[in-house]
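Trainee: Hello! I am new to this structure and would love a guided walk through it. Could we go step by step?

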Amino acid sequence: MLRQSHSLPGLIGALLLAVLAVTGAILSINPVQERLHTTIPASGAMSVADLTGKLAANYQGVEQIQRTPSGAIIVYFTDGNQSGVDRVDPETGTAVAAYEASSIMRWVKNLHRSLLLDTPGRVASATGAALMLLLTVSGAFMLAARSGGWRKILHPVGGTPVQRLHAAVARFAVLGLLLAATTGLYMSAGSLELISEAAEAEVNFPAEAGAGTPQPVETLAALKATDLSDLRELVYPYAGDPTDGYSLLTRQGAGFVDASSGALLSFQAHSTRRKVYEFIYMLHTGEGLWWLGIWLGLSALAVPVLAVSGIRIWWKRRRALPRLTGNSPADAAATVILVGSENNTTWGFAKTLHDALTRAGQRVHTAPMNRLAAHYRKAERLFILTATHGDGGAPTSANQFLAKLEKFEGTPSFQFAVLGFGDRQFPKFCQFAIDVDAALTAKGCTALSPLDMIDRQSPQEFARWGKNVGERIGVELNLEHIPECPKTSRLQLVERVDYGSDADTPTTVLRFKPTRQTDKAGTLRARYWPQRLPRFEAGDLVGILPPGSHTPRFYSLASSSQEGMLEICVRKQPGGLCSGYLHSLQPGAAIDAFIRHNPNFRPNTGKASVILIGAGTGIGPLTGFIKHNTPRQPMYLYWGGRNPQSDFLYQPELNRYLEDQRLTELNTTFSRSGDRAYVQDKIHADAAKLRELILKGAQILICGGREMATGVMTTIDEIVAPLHTSVQALKAEGRYREDVY
Amino acid sequence: MKTKPLVFFLATALALPVLAEARPVVFATELSTYNGDGAYVALYLTDANGLYKQTLWIAGEKAKYYKHLGDWARGSRMRRAEYDGMTGASVHSGQTLRVTIDLDDALIDAGYQVHIDTSVEDMRDHRSEVVAPLTTEGAGKPIAGKGYVKSLTYTF
């Protein structure tokens, strides 16, 4: 609800608000410019009479004097047949420059106030101000909720880079935008005559014509008594009429000055209403408060940034959720399915379950696990389908679940079943699902079915689970899951470098370039547009589907899409389906692949050293990091292979990086020749140096097989023990990252 | 027999004063090209001393801006009765305001003057930028203005 009150006005009004904000920012320059070009005499130093005296010396036919809120003095005069407008210096009474309002500024002002459209445009601008107000308030509440309370609102915000940018810019600009929107809305209401725009005090011309000969203007008592800083406008009498007098408009009110006696007649003070209006006008335009104008202008410049980043966040969010047909509202559903997914594969299974239950006549509500409500009014049972992320942690759409579970009302009549998805070759297989199952049992809910786990997205295991659960709830469930394949790009092999072709497990470095789809099934764009690689960086993964399999295999990327080619290192596994397929490719062959981002596996930027540890083909992404080490962060590479002939990949490149300082140190070990040791042994030998680096804030990145990773973890735990820390603690700080397969 | 010329004479005698009372006068005010919004224009009559006599036409929609037509505002006190039914849209740069007013014959060739006040938003006001005597010989002769008005021409 809160999110919608922010996203809806934001999406509707994005363009309108961007136009209003940018024009507003341009207009905010005016008061500053004016202020810079004026000299303002000290308060009390100069009276209006003094100024008129100085002007009389230089101008014959003065008709009107105006003082702008910024302090500039403008004289309207007619010399014979020539009319003119000059800006004058109050000290001397001489012209500084002819006063010509910039037509560009006038156009920008028109665009800002009414989108160049008169009254309908003013309505649009007013609507924009109202939307802005709604956005700032809802945005502030959202930020507070996300930070964990109003007190923590200034703490650093987590999330994707776009979300962090949006939050940071919003925090900077929110107060200025709130002020500009409120004052703007008030002014729009005034000009649309929804509230009465209190008029300035009027000059009441006296009923009788003045008697007596007009005196020189600088001698008039009323003008002598008025300080220049209070002046707004002084209108001289009509030249042909000796009975006419002066109209004086000041900050306090309006009055009529008799030309002969110099007395102030029929003075009318501005109403309070008017003073309020003028104050609000000043707050919005900055006229008279140039520093406020600058502040509002800068806040306004944030709006286009916020609009674009906000739209991107919305779009990504929308794309992440699959389309579920027939999704009942939470309070109306008998069955609730909550999903913990990192990469949308689990969502696919949830959708299959959702559709099957809906077809059987059930009312089902499906949502991410983070949206666990404290209470479901009509729900009888809860299904939880969740993956596990990294080392037994919660996937992104479930990271707040366990916290929310504490507020959940669990009763024994409420049944649940947890289904975990994972990969058995990982030690923490379905760890998060196990945790969730335990937590729900502890809450007092009844388990409909014991925790079940599915390995490698097997559709058969899923169907079996569905049948089992279906029997227990009395519904026939035939879960036929067809895994949805992500959109692939077509890549062509351009180069392969083989190592150890006579060994039993040769390694090869494969380089791919994007290529056109040759078959007619490709879209027009794919066929004729120059193909580009999807965006990725070293450290991300590429998913390749070998022919004859539905499950993709992932390989760590050694290059980034900026380089224009996709590079991976593949070791041929005995009996490996995908590795065998890749090893059989010849230059010119084409494959279909997709990118899976792994944004957590990257070195942090900054001054801290980076310790890169890898074995075998793990050297790929690590070399990629070194290649892109333009800022020359100190990088220490520890790598273990089998045999320098069979798998020392990237040897010439690494030597080059040593020379140009992208790599500080290179340590290699070989298990089947030379020292016959593993990489963790080498690390153990360098314990003292590494401990020193870690003490100074170094971070560790590991890439390689599971056995190596476990061995390295044990060794590092020993190394950092004297520092009273552990690998777990370093992981929590984001200084220990793994890409393990 | 003598009644026919008498009736004829009486009829013309009665009709002539009606014909002689007022005549339509066309005032064409051409604005020069200036860089700005639509101008508010006050077209009015004063006596030979410049004292306000009668409003001819006010071009401009919003009454709250009429105070910028300074001399007219002063003379007429901006009373509603003075300009009711004699208002129209503001005049844009380069446009010509053409109005036809029925004027008493007594006003022509009697020393009365036509004045024009103008005002443009965010630009200066011009009070009495055109002052033209209302005479039969002046008809058709354009008079230049000192501000936004390029020329005023009145014809009978």
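## A walk through two chains

Mentor: Gladly. Chain A holds 22 helices and 25 strands. Please keep in mind that this is a predicted model.

Trainee: What share of the residues of chain A count as buried?

Mentor: A residue counts as buried when 20 or more other C-beta atoms lie within 10 Å of its own. Chain A has 741 residues, and the buried share of them is 36%.

Trainee: Among contacts in chain A between residues at least 6 apart in sequence, what percentage join residues at least 24 apart?

Mentor: Here we leave out pairs that are not at least 6 apart in sequence. Of the contacts that remain in chain A, the part joining residues at least 24 apart is 71%.

Trainee: Let us turn to the sheets. In what order do the strands of the 5-strand open sheet of chain A run?

Mentor: The pairing in this sheet is parallel. Strand S23 (665-670) and strand S25 (736-740) of chain A each have a single partner strand, so they stand at the edges, with one side of each left without a neighbour in the sheet. Neighbouring strands are turned by 10 degrees against each other on average, direction ignored. The order in chain A is S23-S22-S21-S24-S25.

Trainee: Which strands pair with S24(A), and over how many bridges?

Mentor: On one hand, strand S21 (residues 610-615) of chain A pairs with S24(A) in the parallel sense over 5 bridges. On the other, strand S24 (residues 699-704) of chain A pairs with S25(A), also in the parallel sense. The partners are therefore S21(A) and S25(A), given that two strands pair if DSSP finds at least two bridges between them, and the count is 5 bridges with S21(A) and 5 bridges with S25(A).

Trainee: Which residue of S24(A) is the bridge partner of A:Gly614, and which residue in S25(A) stands opposite A:Leu701?

Mentor: For A:Gly614, the bridge partner in S24(A) is A:Cys703. Looking towards S25(A), A:Gly704 stands opposite A:Val740. In that strand, the residue opposite A:Leu701 is A:Arg737.

Trainee: How many of the 6 residues of S24(A) are buried?

Mentor: In a regular strand the side chains alternate between the two faces of the sheet. On one side of S24(A), A:Gln699, A:Leu701 and A:Cys703 are buried, and on the other A:Ile700, A:Ile702 and A:Gly704 are buried. Both faces are covered, and the count of buried residues is 6 of 6.

Trainee: Which residues does A:Ile700 touch, apart from those up to four places away in sequence?

Mentor: A:Ile700 is one of the residues that touch the most other members of the largest nonpolar core. Leaving out residues up to four places away in sequence, its contacts are A:Ile611, A:Ile613, A:Ile716, A:Leu730, A:Arg735 and A:Tyr736.

Trainee: Which helix gives the largest share of the largest nonpolar core?

Mentor: The core has 57 residues, and A:Leu612, A:Ile613, A:Leu637 and A:Val712 are also among those that touch the most other members. The largest share is 6 residues, and it comes from helix H21 (residues 706-720) of chain A.

Trainee: From which domains does this core draw at least three residues each?

Mentor: In soluble globular proteins, nonpolar side chains tend to be buried together. A second, separate core of 41 residues includes A:Phe349, A:Leu372, A:Phe421 and A:Trp465. As for the largest core, the domains of chain A are domain 4 (489-596) and domain 5 (610-740).

Trainee: Which strands stand at the edges of the 8-strand open sheet of chain A?

Mentor: The order is S4-S3-S2-S1-S5-S6-S7-S8, with antiparallel pairing. The twist averages 20 degrees from one strand to the next. S3(A) and S4(A) pair over 3 bridges, with A:Ala95 in S4(A) as the bridge partner of A:Val88. Pairing on one side only, the edge strands are strand S4 (95-98) and strand S8 (264-269).

Trainee: How many residues of chain B are in contact with chain A?

Mentor: Chain A supplies 16 residues to these contacts. Strand S2 (73-79), strand S3 (82-88) and helix H4 (103-114) of chain A each supply at least two of them. By class, this side of chain A has 7 nonpolar, 5 polar and 4 charged residues. From chain B, the number is 16.

Definitions and conventions:
Residues numbered from 1 in each chain as written. Chains lettered and ligands numbered in written order. Predicted model: local features only at pLDDT ≥ 70, side-chain atom pairs only at ≥ 80, totals over all residues. Contact = placed C-beta atoms within 7 Å. Helix = DSSP H or I, 4+ residues; strand = E, 2+ residues; numbered from the N terminus. Nonpolar A, V, L, I, M, F, W, Y, C, P; charged D, E, K, R; others polar. Axes fitted to C-alpha atoms, helices over the stretch in contact; angles between N-to-C directions. Buried ≥ 20, exposed ≤ 12 C-beta atoms within 10 Å, placed from the backbone. Core = buried A, V, L, I, M, F, W, Y, C linked by C-beta atoms within 7 Å. Domains from an automatic or database assignment.
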